Amino acid sequence: MWGVLIGLGGFLAGILVLALKDWLTARAKQLLDLLYGRFAGSRLLRRRALANYTRELYERHREFPVSFQADEALKLPMESVYVPLRGGPDRTEVATTLRRARRSVVLGAPGAGKTLLLRHESWAWARQRVESEGVGDGRAVPVLLDLHRLNLDPEIGLEQHVVRHFARHRFPGAGSWVSAALGRGDVALYFDGLDEVATDLRPRVVELIKEFTETHRKCRVVVTCRAAVYEGQFVDFDQTLRIQDFDEHLIRRFLGGWPWQAGDVDQLVGALRDTPQIMQLARNPLLLTLIAYLYDFKYAESGEALPHTRAEFYRQVVDDLFRRRESAFPRPLKKAVLQRLALTAQDVPAGTRDRLALPEGEVLKVVRAVLEEQGREVGLADAVLREIVERSGLLLAVDGGDRYQFAHLTLQEYLAAVALREDAEGLIRRYEADPGVWRETVRLWCGVVGRDCTAVVRRVHARDAVLGFLCLADAERLEEGFEREVLAEFKGRLRAGEAGDEVVAAFGLVAGDRRRGELFGFLVAQARSGNRAAAAALAATNLPRAAQELAGMRRQLGDTAWTALGTMGDLAVPYFERSARHYDSAVHMLWRIRTPKAALALNRCLWEASDSDATIPYHLGELLTVPEIADALHTAPTDEDKPILPWVWRPFAHGPDDSLIRIAGRIAYVLEAALPYGVPEDFPAPDPRITAAITVIGVSVLPEVRVPDEVAEDVAGLAGPALFFLADGPRLGVKTSQFAEQIEERHLSGPTQAQALDISMALLAAAGLDPDLRGFLQLLPPSLRLRACLALLHAKEPASHATWDVPPSNARHDTPYRKAMSPALYATLLMWFALSALAAWHAMTTAWGPQWLGWTVTGVIGLGWLGILSMPFMEEPSAIWSGSVFYALLSMAPAVGLYAYLAALHPWGVVSATTCTAAVLAVLLPTGARAYRHDMRAYAHSHPVRRLVLDPLRELP
């Protein structure tokens, strides 16, 4: 009875456990989350919490959503689509420049990529640690703080906002850690969107940032802001960078990472060249995203051409994004809502609040007003607003739905222009009250209305002549007399040299209109007369005939014509290619264009140039770092008769037929031959895969050096004083391999990397590295340069071509040949043992034949045993034992001994001895050869050059 009850109870308990399993699991997870949230900032869990923060950054930023989506959210991979932004007059990469300063301001137009830049910096930091299991480069922990959050809670300090940021990224309770990290300078603060702070609150936020940077001087700080809003509040910062528009190279690079469905890069770039106004939009990253999306999902599928005006393009954008989704409300209603919202946002006075965002209450008020005007229930306002946000991507909810803003300012300006299509007087009144706010809306209005807009443009021109001139490019219809009047005015400015950048750009847009051929002819005539502004305006038209005209002006204008022509991208490539064989400046312009077409032109020139001309190799070599250019060169034509260094690119090749093996090999051949002439200061650095190969292969330095006095103290500090020995007199010496081991272990990355690099370069100079090679070594990026230095200092023997050219690592071939277990060694031991025994026996029992023969056999046997007995005492293979000589002696020694012995025995004779010896050689020599090849492959894999230089280079894209 009790057994039945116990069994039944166990059965019921099992059912209960199964039923409560999910509940118990959920409760346990809640308990663990509660404990983690309470104690994550403690010393016990701090490392784990920081790892969670890193993983969260990586997951959040590895993809970024595109708001212009069709049926599902389109998310683009950060790794493939992100394009390094350029800033400053020297076109340097903004991210690189930011890392060189403690305090920076980054300015740009709406959609220029300011936020994406900071997101990419955060993602790159996290990615390095996630993929290398916690190992990083020593850079500070990034904190990307959206400044618009201060609108909701401006009273708390920035440090508390940073703590909240960590809490949102799986590191709760980080207060004590944040305070300590800020004091050490272990945090990089990215304050994003000063322009998104309410206007009346902005001075307060500026003061908070200034106080924060003054208190935490060790921390790196970056502030981003729209250029039109920034008023120089941070003039004391180290640098102010302005993000430049995309050129054709960056446009192509972005489009190369786009997940194409129907179109492709060449199709869209060709379409953009035919539409100068849309090409101007494409120079903005956010608008280029919109163009790529719509072209891929609309124009490429239907075969339609891109619209020729901005207004028409935006009209198609709005129509298509509404058309792609099923909806409960009609499109005209939603368009009317968007137009009214855009006008409401534009009407916000510039001095009271940012025009980009409207409070939810004000947005709903506008929606209700439109519903009431159209005779619909005002109670539908929430549903209408939700459908617009969720199904068009034109209007975005920000700040948790508390505010709403358009996806891009120009969309807002376009919709406001549409709202005022029938109210020209209302447009002018608004423009005259706030010209800066309504400038672009006026231009878009001229493209929206289909009627004559002379009256509006005349009044605009009276207030802002340049804007009036720009309206000529957008307006569908104008009075001919007024148009001639405006054109005459600006022609006069151009002749008088009073045309600034804005006027030049305006000339490009207006003259690019096919309706105005007379203005194009005027620019050609002015450019031929030496007018630089006219040449720049011709280039701004982006028309093929403009490129042809500028190419023909080289003799009259010199570099002025080519500078203007170079801004035209692929349109200029054929003209520069013709001159690249004779002018270095043409080579440089092809390099600046940086498109696959320009690289293919340089490749053709490479095979026609002489072995002593390094201009093209330097420039084309640098372009190999651009992924889309490298892809285009994989199948490029080459010249089989030109000398090359084929081993240089083989580790990175896409198969044995990859043209880059010959292209990079040719570049390396010419650059190596040009080393004695030094490195030109104004030439770009070639691809590090080429530079590193020339620098570290076949190069050796002294194993022991006297430490230069100026770095002796630094060497002791980084590597330890135990490395020193007395060289001569009071001078201290160091073994280069031991120094390299210490630096590799402790300082390969992190804050001491720069100091380690300086010391390593000084030791290489002391160790006898050729000055020309040291100059060439400077072309490598700092982290790779340090690795190359350590590889040279570390190596006991110079790396050979085989070290660089060896196939990828394979576990079966990575270990040295085991000589103690080899058949060759066993056979040799047995043979030598037999010879020794027979020789001893014959020496005691019979005459040994000629006296010299006895001595020969005895000598061979003695040398063999001496070599065998010495092998266990060798710390490492010496030159003879690790090379081909060792394996040859190992295989041939018994055969020589056998021949000598058999020839000495009269019954056998010389013929029989020769036959037996040949048989022994046939068995032993292949085994020795195999052992030699195996050992050389293992040695190549273990060489420091392989580990420190080649393996990191393989990870490059």
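What follows is a friendly chat about two sheets and one helix in a predicted model.

Colleague: Let's begin with α24. How do you know that the end C-alpha atoms of helix α24 agree with the expected span?

Modeller: Helix α24 covers residues 517-528, which makes 12 residues. At 1.5 Å a residue the helix should span 16 Å, and the end C-alpha atoms are 17 Å apart, so the two values agree.

Colleague: Which residues of α24 are called buried, and what does that word require?

Modeller: A residue is called buried when its relative accessible area is under 20%. In α24 that label goes to Leu519, Phe520, Phe522, Leu523, Val524, Gln526 and Ala527.

Colleague: What covers the buried residues of α24?

Modeller: The cover includes α22 (480-495), α23 (501-511), α25 (532-540), α26 (544-551) and α27 (554-557). Contact here means heavy atoms within 4.5 Å.

Colleague: And what is the phi of Gly530, just after α24?

Modeller: Gly530 takes a positive phi, about 105°.

Colleague: On to the sheet of three strands. Why are β10 and β11 said to stand at the edges?

Modeller: The order is β10-β12-β11, in an open sheet with antiparallel pairing. Both β10 (357-359) and β11 (395-398) have a single partner strand, so each has one side without a neighbour in the sheet. Neighbouring strands there are turned by 30° against each other on average, direction ignored.

Colleague: What makes β11 and β12 a pair?

Modeller: Two strands pair if DSSP finds at least two bridges between them. Four bridges join β11 to β12 (residues 403-406), so the pair qualifies, and the two strands run antiparallel. Val398 stands opposite Arg403 in β12.

Colleague: Which helix packs on that sheet?

Modeller: Helix α16 (residues 381-392) does, touching β11 and β12. The direction of α16 makes about 105° with that of β11.

Colleague: Now the sheet of five strands: what is the order, and which strands are at the edge?

Modeller: The order is β6-β7-β8-β5-β9, with parallel pairing in an open sheet. The edge strands are β6 (141-146) and β9 (239-242), each pairing on one side only. From one strand to the next, the twist averages 20°.

Colleague: How do you know that β5 and β8 pair?

Modeller: The requirement is again at least two bridges. Six bridges join β5 (residues 103-108) to β8 (residues 220-226), so these parallel strands count as a pair. As one example, the bridge partner of Val106 in β8 is Thr224.

Colleague: Where does helix α8 lie?

Modeller: Helix α8 (residues 202-215) lies across β5, β7 (187-192) and β8, and runs at about 170° to β7. Angles go from 0 to 180 degrees between N-to-C directions, so α8 and β7 point in nearly opposite directions.

Note on methods: Residues are numbered from 1 along each chain as its sequence is written. This is a predicted model: local features need pLDDT of at least 70, side-chain atom pairs count only at pLDDT 80 or more; totals for chains, interfaces and linings use all residues. Side-chain values use heavy atoms; hydrogens and water are left out. The expected span of a helix is 1.5 Å times one less than its number of residues. Buried means under 20% relative accessible area, exposed over 50%, partly exposed in between (1.4 Å probe, protein chains only).
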